[in-house]
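Please look over the sequence and the structure shown here before reading on. The report that follows takes up selected charged residues, then one chain as a whole, and then the meeting of two chains.

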Amino acid sequence: MESKSSGSAANLIDQVVYPGDVVLDLSSMTNQTIKLGGGLRQDGDVISVMKAGRLRFSKPNKYWVESSQKRYVPHAEDSVLGIVVDSRSDNFLVDIKGPAIAFLPVLAFEGGTRRNIPKFEVGALLYVRVVKANPGMNPELSCTDASGKAGEYGVLKEGYMFECSTGLSRMLLSSPTCPVLDTLGKKLSFEIAVGLNGRVW
Amino acid sequence: MEQRLANSWRLTANEKKFIESALLSELRVDGRGPLDYRKLNIKFGKDDGSVEVQLGETRVMSYVSAQLVQPYRDRPNEGTLSIFTEFSPMADPSFEPGRPGESAVELGRIIDRGLRESRAIDTESLCILSAKLVWAIRVDIHILDNAGNLVDAANIAALASLLTFRRPECSLGGEDGQQVVVHPPEVREPLPLIIHHLPVAVTFGYFSNENLVVLDPTYHEEAVMTGRMTATLNANGDVCAIQKPGGQEISQRVIMHCLRLAHVKAGDMTAKIKDAVEKHNTERALQKIKRHSSSVAVDVCGTTARLGGKQNQSDGDKEGSRLDQLKLKDETKAMECDATSSAQVQSNKKDESLKNFIGGPSSWDPYSECVNSDLLKASLASRGQSTPSKQKESRRETKPEEPQKEIKIDSAPMDTALTSEQSNEGKTLKDAVKPKHKRKKKGSSNNGN
């Protein structure tokens, strides 16, 4: 039974799905937790598709629908490029091209304390990670990775930023390395930051 | 508040620095030089006076309409011209529906001043009955997509729509000559507006470095630039209007330099607008011939331009005396080539009625050519319509005159059918003596092709 259900699901993985397609039949799977990403919905016993796109699966149990558009829908653990809009006492307001402005807590930096709060001017470009992205709420960001280290996150200086579709930014981030970046690297050395929200620096 | 913040576009400090430093090396983000315009595309709609202009990514639509109204008390002999602008919210997230904002009003005023102060539109010809009835011309400009430099695009749209607008012809009637009869377009050909010259707006962007001047700024450049100036000039070099709404102070030397630049660009732009309008008028005339075989659309603007072209290029082809006849034939020829090619079943969009129409001329008298050309001249001069007989006769004349390659270039693709005919025929009027054979020959040669 499990093979049958995963078989039917596997048929659709990486395929183009349309709203209304049934992806998984939960009645045939027992004691399994499945994580649903964007574009999927639980309809009683059945998981159906809400948004047209490609069905993706990542081990161990996450399914989601991927499509390319100009809009960005924030999801947790996404690395995005944000623009500082305003600063409050306890967090910065950062625009990440989503439906709502995101909050970046003032302390969400490596070694961040009340004493060394960074100062960002309006219009500063930041590479940040989305921590929480619940629908209806303002997303929360962080300039550290899950373990608390700064990694590559932080403010991006100089350079130029342009906007693109979410599909293009995913392609630029794909592994193996996107051929465009390969060819560009042969001609000149550069540094690039790609946000899943459709911004490239 | 936060919800509204989320939807607007923001400028990053990185972009600002990048655009300014790239300009120092004369580079713009989209690859243009600092004084290059983006690609201009003028599309005409079905109605006379409806135009959509695309300048790069910026899209503007313009529509001209006319109404009979009472004139102003202090100008009883002049018609009126008014410009209305609408900044559609689909053009830019910062545009709000409802009352026009400051930039919308400013745009309308710049275009209005360029046309009104320079008297580009002849308002006295819009008067029907002094102090009672005049035409009020209304230009509606809709911004469809804002990608920078709305003023220039909107101005081009307004000019193109005014050039292609046709107002109904009216005549005075009644016992005391006071009754105005407005003829619908089916009865009498509508008339174009009298436009003396084309005031073209050229917008410059200034940056914090005094030496940086940019023409036709894009959306990002507009956000970065510190000052702006719009100069409205015509191709003769007359300055019709200048607008510099605050911003960075500019030295006199830079302003004079910009005005000289604007003069050059205005000349280019005028040529482009006129070309596009001419092409449209030709197509329009051809369409009219297709639809109404009984009334001829004689479009003077299009034909006069072609006349000029013929004059330049017809050296050594014909005797000088026949040059006039040729020109006239050329005008109608464009309309007719449509008919002829349909007869030869070459093009794909002709209707059956034209075939019957072509059957008529075979019995015409070819020697009446001279008379016909004079009549045609007279009819063209008065801008009235020519009668069907005139048109048929002129068609007869033009058949042997096809050799004009210039016509081919001007008119629509159906001319390709005629080129074969041109190469086949000799280039004298004597060929017109045997029109029947000619046409059949052409028919066969075309069908063979």
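## Buried and partly exposed partners in salt bridges

With a relative accessible area of 14%, B:Asp140 is buried in this predicted model, because buried here means a value under 20%. Its partner in a salt bridge is B:Arg138, and the closest N and O atoms of the two are 2.8 Å apart. B:Arg138, at 34% relative accessibility, counts as partly exposed, so that this salt bridge joins a buried B:Asp140 to a partly exposed B:Arg138.

A second salt bridge can be described in a similar way: the side chains of B:Arg59 and B:Glu52 meet with 2.5 Å from N to O. Here B:Glu52 is the buried partner, at 18% relative accessibility, while B:Arg59 has a relative accessible area of 29% and is partly exposed.

## A salt bridge between distant parts of chain B

The side chains of B:Arg38 and B:Asp216 also form a salt bridge, with 3.0 Å from N to O. This pair links distant parts of the chain, since B:Arg38 lies in the loop between α2 (13-24) and β1 (40-44) of chain B, whereas B:Asp216 lies in the loop between β12 (213-215) and α5 (219-224), and the two are 178 residues apart. Both B:Arg38 and B:Asp216 are buried.

Over all chains, a search of the whole structure finds 24 salt bridges.

## Chain B as a whole

Chain B contains 14 helices and 14 strands, and of its 449 residues 52% are buried. When contacts between residues at least 6 apart in sequence are considered, 73% of those in chain B join residues at least 24 apart. The area that chain B exposes is about 21100 Å², and carbon and sulfur atoms supply 51% of it.

## A buried arginine in chain A

In chain A, A:Arg129 belongs to strand β11, which covers residues 125-132. At 9% relative accessibility, A:Arg129 counts as buried. Leaving aside residues up to four places away in sequence, A:Arg129 touches A:Glu77, A:Asp78 and A:Ser79, together with A:Glu140, A:Leu141, A:Ser142, A:Thr144, A:Asp145, A:Ala146 and A:Tyr153.

## Where chain A meets chain B

The contact between the two chains draws on 21 residues from chain A and 16 residues from chain B. About 1500 Å² of area is buried between chain A and chain B, and carbon and sulfur atoms give 54% of this area. On the side of chain A, the residues A:Ile101, A:Glu158 and A:Tyr160 supply 31% of the area that chain A buries against chain B, which is more than any other three residues supply.

Which charged residues meet across this interface in a salt bridge? One such pair is A:Glu158 with B:Lys17, whose closest N and O atoms are 3.6 Å apart. Across the interface of chain A and chain B the rule finds two salt bridges, and four residue pairs are found in polar contact, both residues being at pLDDT 80 or more. The residues of chain A on the side that touches chain B comprise eleven nonpolar, four polar and six charged ones. A network of salt bridges, finally, links A:Asp95, A:Lys97, A:Glu163 and A:Arg199 with B:Arg10.

Key: Residues are numbered from 1 along each chain as its sequence is written. Chains are lettered from A and ligands numbered from 1 in the order in which they are written. This is a predicted model: local features need pLDDT of at least 70, side-chain atom pairs count only at pLDDT 80 or more; totals for chains, interfaces and linings use all residues. Side-chain values use heavy atoms; hydrogens and water are left out. Contact means heavy atoms within 4.5 Å. Buried area is the accessible area (1.4 Å probe) that two parts lose on being put together, summed over both. A salt bridge is a side-chain nitrogen of Lys or Arg within 4 Å of a carboxyl oxygen of Asp or Glu. A polar contact is a pair of N or O atoms within 3.5 Å; within protein, one must be able to donate a hydrogen and the other to accept it, and residues adjacent in sequence count only if both atoms are side-chain atoms. Ala, Val, Leu, Ile, Met, Phe, Trp, Tyr, Cys and Pro count as nonpolar, Asp, Glu, Lys and Arg as charged, and the others, Gly among them, as polar. Helices (H or I, at least four residues) and strands (E, at least two) are DSSP runs, numbered from the N terminus. Buried means under 20% relative accessible area, exposed over 50%, partly exposed in between (1.4 Å probe, protein chains only). Accessible areas come from the Shrake-Rupley method with a 1.4 Å probe; for residues, only the protein chains shown count as cover.
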